[in-house]
Protein chains: 2
Amino acid sequence: MENNVKIARIQVDLTQQQLAEKIGVTRQTISLIEKGKYNPSLKLCLEICYAVNKSLDELFWIDQEESKT
Amino acid sequence: MENNVKIARIQVDLTQQQLAEKIGVTRQTISLIEKGKYNPSLKLCLEICYAVNKSLDELFWIDQEESKT
DNA sequence: ACATAATGTAATATATATATTACTTTTTGA
DNA sequence: TCAAAAAGTAATATATATATTACATTATGT
């Protein structure tokens, strides 16, 4: 489950800890999402988007073909 | 948790049942998501997108302000 | 009006996202 | 270098998404 959260987070100059606090979630949750080891909920995806000023598609879209691999 | 799943599903002429089968999920899950009573996982959101040929933003985006209400 | 399909929804069970705590490894800056 | 910050990660607990089964309600076509 790859995504662009890490890049976007760094662009707005936040640490995992800061992003987590801003959203009201644990640092571990952010870490695991960035590593692609979690399948986050839509609500959490949206909160991440708001925090880093990106859209769902920008952060989480995966083409159908690559999603199979 | 509003979304545009129902509209998109009807546009591609699928019943909840057919969409559910296409994705490999229960009809009830589709029903509850359309009704805004579930907070679906990113993976499921993507599978719905693929099935109805829409993007995450098209189906699931909610502006930050309206997400608070 | 009626039969059937489609959809809503409730109760319980199960899988898994997320929290909590804690420790390790890697990065960064002086 | 070296110390501190940042990030990776493991174990267990908890909350909740989703499955299962079943029944009720609404929509659709004849």
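Trainee: How many helices and strands does chain A have?

Mentor: Chain A has six helices and zero strands. Keep in mind that this is a predicted model. Read from one end of the sequence to the other, the pattern is α-α-α-α-α-α.

Trainee: And what does the UniProt record say about chain A?

Mentor: The unreviewed UniProt entry carries the annotation "domain: HTH cro/C1-type" over residues 5–59 of chain A. In the model, that stretch is 69% helix and 0% strand. Its end C-alpha atoms are 6 Å apart.

Trainee: What makes the radius of gyration of chain A agree with a compact globule?

Mentor: Set the value against the rule. A compact globule of 69 residues would have a radius of gyration near 11 Å, and chain A has 11 Å, so the two agree. For the dimensions, the C-alpha trace of chain A spans about 35 × 20 × 20 Å along its principal axes. Take contacts between residues at least 6 apart in sequence: in chain A, 57% of them join residues at least 24 apart.

Trainee: What share of chain A counts as buried, and which residues of helix H4 are among the buried ones?

Mentor: Of the 69 residues of chain A, 28% count as buried. In helix H4 (residues 42–52) of chain A, the buried ones are A:Leu42, A:Cys45, A:Leu46, A:Ile48, A:Cys49, A:Ala51 and A:Val52. Just after H4(A) comes A:Asn53, whose phi is positive, near 60°.

Trainee: Why is A:Thr26 called partly exposed?

Mentor: Count its neighbours. A:Thr26 has 13 other C-beta atoms within 10 Å. Buried takes 20 or more and exposed takes 12 or fewer, so with 13 A:Thr26 falls in between and is partly exposed. You'll find A:Thr26 in the loop between H2 and H3 of chain A. A:Thr26 and A:Gln16 are 10 residues apart in sequence, and their C-alpha atoms are 9.0 Å apart.

Trainee: Why does A:Asn39 count as partly exposed?

Mentor: A:Asn39 has 14 C-beta neighbours inside 10 Å. That value sits between the cut-offs of 12 or fewer for exposed and 20 or more for buried, so A:Asn39 is partly exposed. A:Asn39 lies in the loop between H3 and H4 of chain A. A:Asn39 and A:Glu2 are 37 residues apart in sequence, yet 9.8 Å apart in space, C-alpha to C-alpha.

Trainee: On to the DNA. Which residues are closest to DNA strand C?

Mentor: The closest are A:Thr26, A:Thr29, A:Asn39, A:Ser41 and B:Thr15, out of 17 residues that surround strand C. What makes a residue count as near is a C-beta atom within 6 Å of the strand. H3 of chain A, along with helix H2 (16–23) and H3 of chain B, each supply at least two residues of that surface. H3(B) gives the most, three residues. By class, the surface near strand C divides into four nonpolar, 11 polar and two charged residues.

Trainee: And which residues are closest to DNA strand D?

Mentor: Strand D is surrounded by 17 residues, with A:Thr15, A:Gln16, B:Thr26, B:Thr29 and B:Ser41 the closest. Helix H2 (16–23) and helix H3 (27–34) of chain A, together with helix H3 (27–34) of chain B, give two or more residues each. The largest share, three residues, comes from H3(A). The surface near strand D has four nonpolar, 11 polar and two charged residues.

Trainee: How do you know that chains A and B are related by a two-fold axis?

Mentor: Two copies of a chain are related by a rotation about an axis and a shift along it. Here a rotation of 180° with 0.0 Å of shift along its axis puts chain B on chain A, with an RMSD of 0.0 Å. That is the relation of a two-fold axis. In chain B, the residue that comes closest to the rotation axis is B:Ser41, at 2.1 Å (C-alpha).

Trainee: How many residues of the two chains are in contact, and why do we say the copies meet through the same surface?

Mentor: 17 residues of chain B are in contact with 17 residues of chain A. On the chain B side, helix H4 (42–52), helix H5 (56–60) and helix H6 (64–68) give two or more residues each. The largest share there, five residues, comes from H4(B). By class, that side has 10 nonpolar, five polar and two charged residues. As for the surface, 100% of the interface residues of chain B are also interface residues in chain A, so the copies meet through the same surface.

Conventions. Residues are numbered from 1 along each chain as its sequence is written. Chains are lettered from A and ligands numbered from 1 in the order in which they are written. This is a predicted model: local features need pLDDT of at least 70, side-chain atom pairs count only at pLDDT 80 or more; totals for chains, interfaces and linings use all residues. Helices (H or I, at least four residues) and strands (E, at least two) are DSSP runs, numbered from the N terminus. Ala, Val, Leu, Ile, Met, Phe, Trp, Tyr, Cys and Pro count as nonpolar, Asp, Glu, Lys and Arg as charged, and the others, Gly among them, as polar. Two residues are in contact if their C-beta atoms, placed from the backbone, lie within 7 Å. UniProt positions are given in the numbering used here, feature names are shortened, and annotations may be inferred rather than shown by experiment. The radius of gyration is taken over C-alpha atoms; the globule rule is 2.2 Å times the number of residues to the power 0.38. Copies are superposed by least squares on the C-alpha atoms of residues with pLDDT of at least 70 in both.
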